[in-house]
Amino acid sequence: MKKRRERIDRGIKARSEDVYALSSWREMLYLAGPRLLPAAAFLLLPLFLGAYWQKVMISVAVFALLAISWDMLAQTGMISLGQALFFGMGAYVSGILNFYFGMPPWIAIPIATVLGGALCTLILTPVLRLRGIYFSMVTLIIPLMLVRIIEATKIFGGTEGLSGMTPLPSTLTEIYLVTGVLLGVLFGLRRLMETDYGLVLKGIRDNDRSVTNAGIDIFWFKTQALFISSTIGAFAGALMTHVYMFVGMPVFALDYSILPMAAAVVGGSGTLAGAALGAVILVPLSEALRGIGGLRIVMYGLFLVVFTVAVPEGLFDYIQRRYHQMERWVEIDQ
Amino acid sequence: MSLPTTLRVENISKIFGRVAAVDHLSCEVRRGELVGIIGPNGSGKTTLVNLISGFVKPTSGRILYNGQDITYTAPHKIVCMGISRTFQMVRPFYHLPAYKNMIIPLYSPRVRQLAGGRYGDRNAVALDLLEEVGFERDANVAYKPAGTLPQGYLKRLELAKAIALSPELLILDELFSGMSLAEVASVVPVIEKLRLAGKTIIMIEHRLKELFRIADRIMVLNYGQKIADGASTEVMESDEVKKAYLGSEG
């Protein structure tokens with residue numbers, strides 16, 4: 001007697017995107033629960049955490065933003081190996097505005113977000129026509145180049161960096177600012193990618209020739225996706241300048257490129273929520289492993305390999321499927 | 001023939017490496033005409049379509065559309081000027097339902113402009129267009145993921161995507177290949193209807209019998225050159241065409 005795994009959709013009426021057949025609290029909770037739970041966790045958790053884990057939480061949110069920004073680009077068919085460019089650009093712009101022009105964080109961060117995003121878009125515009133690996137290679141190189149430029153020309157504090165930035169009023173302000181933006185970006189972008197506009201962006205990834213053949217300028221749409229993505233990364237950088245009260249060459253470090261990508265892969269790319277989930281798992285893990293020093297990277301690599309092999313579609317897709325479907329073994333004849 | 005010229009191709013060449021895919025070719029298509037282009041494999045038919053639609057830029061020569069030079073115009077702009085084409089190799093978005101595949105052409109600046117800025121429910125328009133090309137509404141074919149549909153449906157999806165752009169000049173690259181006789185029979189009236197609406201149509205085909213029944217004029221290509229141009233009966237009588245199709249001994 002052979003057995004086969006059968007999947008059954010849970011009997012909730014309100015599964016379709018535009019049919020609202022909610023008839024009970026249970027059904028409403030079924031739909032709202034997965035959205036409310038993480039939001040509530042992000043908003044309530046900081047109140048119960050110690051000072052150290054509060055800092056970890058900021059780090060989680062920052063990497064989640066970078067991972068979402070990576071996933072947004074990936075969904076448009078651009079695989080970036082240089083999220084550090086977005087992060088570092090936002091960090092330096094905010095640092096410069098605060099250090100040289102004395103702008104308070106409340107003005108410097110928003111300006112750095114938009115200006116940083118615009119600068120990154122401008123820098124990457126010439127390579128937007130490149131596809132696949134060529135785009136990736138260029139994004140990998142640019143942050144490394146910028147580090148050398150800062151080192152060689154000694155601009156903006158050179159190797160010393162700029163220190164003594166105005167901090168934000170309190171750690172809780174930092175947390176709520178970054179988690180608020182994270183939740184807004186997460187739910188906002190998930191909705192955007194479901195619209196017809198999002199469909200065009202995803203179409204560019206799947207078959208750009210077919211999108212061009214629909215009379216749509218893919219170069220212009222890629223530029224827009226790049227701007228949205230780099231703006232998110234630049235915000236994360238701008239915020240961290242004021243959290244660390246310092247900005248220097250480390251903001252262009254490879255960590256800010258690799259970890260977001262790893263988070264998106266572990267969590268499942270193409271969903272945005274998966275990217276955030278990946279950051280929630282990887283960042284605290286990497287903090288917990290801090291004790292073992294250099295071996296941390298090894299653990300980290302192992303973790304990545306295990307996840308990619310075991311759950312190739314990513315954790316978020318897996319959880320989502322288990323939530324919406326029951327699985328059971330059924331016997332089949334023959 | 002007093003009708004105005006829609007498309008004029010002037011002495012165009014495209015050389016890939018050392019091979020001339022299209023070799024000093026000139027032709028004209030008048031408004032409302034249905035022109036068939038035939039020729040053996042590798043005779044440059046698809047390259048010619050790629051040149052007209054701007055996906056490939058020529059080595060020399062020029063292309064005029066309604067008197068305007070579009071030789072070096074970007075492909076998406078050419079679409080917005082009213083030339084739309086289908087691809088021989090269909091590559092739909094496999095995981096999306098068939099009707100969602102229609103959203104991207106319906107999002108095009110051309111469609112929005114023609115609709116005067118007001119554009120209602122794209123999904124509804126998509127379903128109507130698909131029904132027109134033979135996606136049975138009762139069977140809910142349009143809601144099935146494109147990846148699960150047979151080739152014949154995918155070809156018709158490709159046609160619907162091209163029609164969605166309300167083109168003046170429609171270029172169909174081997175639309176009938178991969179379709180059953182019944183499917184071809186269901187698409188022919190769609191093409192006839194487009195002709196009655198005044199559209200100019202260029203069809204590349206290997207299914208000669210079906211093509212000859214609807215085409216006004218046939219052009220035969222071989223080695224990137226035009227070797228015959230005229231009514232289907234006289235074209236097939238030409239010695240040069242017989243030689244190209246049956247080999248030099250024929």
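These are questions and answers on a predicted model, covering chain A, two cavities, a pocket and two residues of chain B.

Reader: What makes chain A as compact as a globular protein of its length?
Author: Start with the make-up. Chain A has twelve helices and four strands. Its radius of gyration is 21 Å, and the globule rule gives 20 Å for 334 residues. The two values are close, so chain A is as compact as a globular protein of that length. Along the principal axes, the C-alpha atoms fill a box of roughly 75 × 55 × 40 Å.

Reader: How many of the contacts in chain A with a separation of 6 or more join residues 24 or more positions apart?
Author: The share is 78%. A contact here needs heavy atoms within 4.5 Å.

Reader: What share of chain A is called buried, and by what cut-off?
Author: Buried means under 20% relative accessible area. In chain A, 48% of the 334 residues meet that. The accessible surface of the chain comes to about 16300 Å². Carbon and sulfur atoms hold 68% of that surface.

Reader: Why is Asn11(B) called partly exposed?
Author: Its relative accessible area is 40%. Buried is under 20% and exposed is over 50%, so a value in between is partly exposed. Asn11(B) sits in strand 1 of chain B, residues 5-16. Its phi is near 50 degrees, a positive value in a residue other than glycine.

Reader: Why is Asn66(B) called partly exposed?
Author: Asn66(B) has a relative accessible area of 37%. That lies between the 20% and 50% cut-offs, so the label is partly exposed. Asn66(B) is in the loop between strand 4 (60-65) and strand 5 (68-69) of chain B. It too is not a glycine, and its phi is positive, about 50 degrees.

Reader: What makes a space count as a cavity, and how many cavities of 30 Å³ or more are there?
Author: A 1.4 Å probe must fit but be unable to get out. Two cavities of 30 Å³ or more come out of this rule. The largest holds about 80 Å³. The second largest holds about 50 Å³.

Reader: Which residues line the largest cavity?
Author: A lining residue has an atom within 4 Å of a point. From chain A, the lining has Ser210(A), Asn213(A) and Ala214(A). From chain B, it includes Arg85(B), Phe87(B), Pro105(B) and Leu165(B). Helix 7 of chain B (residues 151-164) gives the most, with three residues. By class, the lining has five nonpolar, two polar and three charged residues.

Reader: Which elements give two or more residues to the lining of the second largest cavity?
Author: First, the classes: three nonpolar, two polar and four charged. Among the lining residues are Asn207(A), Arg209(A), Met89(B) and Arg91(B). The elements are helix 7 (196-212) of chain A and helix 7 of chain B. Helix 7 of chain A gives the most, with three residues. Ser210(A) lines this cavity and also the largest one.

Reader: What makes a space a pocket, and what volume has the second largest?
Author: A pocket is an open set of points, with protein on both sides within 12 Å along at least five of seven lines. The second largest pocket has a volume of about 680 Å³. Its lining has 27 residues. Phe63(A), Asp255(A), Ser286(A), Arg290(A) and Arg296(A) lie nearest its centre.

Reader: Which helix gives the most to that lining, and how do the classes divide?
Author: Helix 2 of chain A does, with seven residues. Helices 8, 9, 10 and 11 of chain A also supply at least two residues each. The classes are 20 nonpolar, two polar and five charged.

Technical notes:
Residues numbered from 1 in each chain as written. Chains lettered and ligands numbered in written order. Predicted model: local features only at pLDDT ≥ 70, side-chain atom pairs only at ≥ 80, totals over all residues. Heavy atoms only, no water. 1 Å grid on protein atoms, 1.4 Å probe; cavity = no way out; pocket = protein on both sides within 12 Å on 5 of 7 lines; lining within 4 Å. Points joined across faces, edges and corners; volume = space filled by probe spheres on them. Nonpolar A, V, L, I, M, F, W, Y, C, P; charged D, E, K, R; others polar. Rg over C-alpha atoms; globule rule 2.2 N^0.38 Å. Buried < 20%, exposed > 50% of the residue type's maximum accessible area, 1.4 Å probe, protein only. Areas by Shrake-Rupley, 256 points an atom, 1.4 Å probe, with all protein chains shown as cover.
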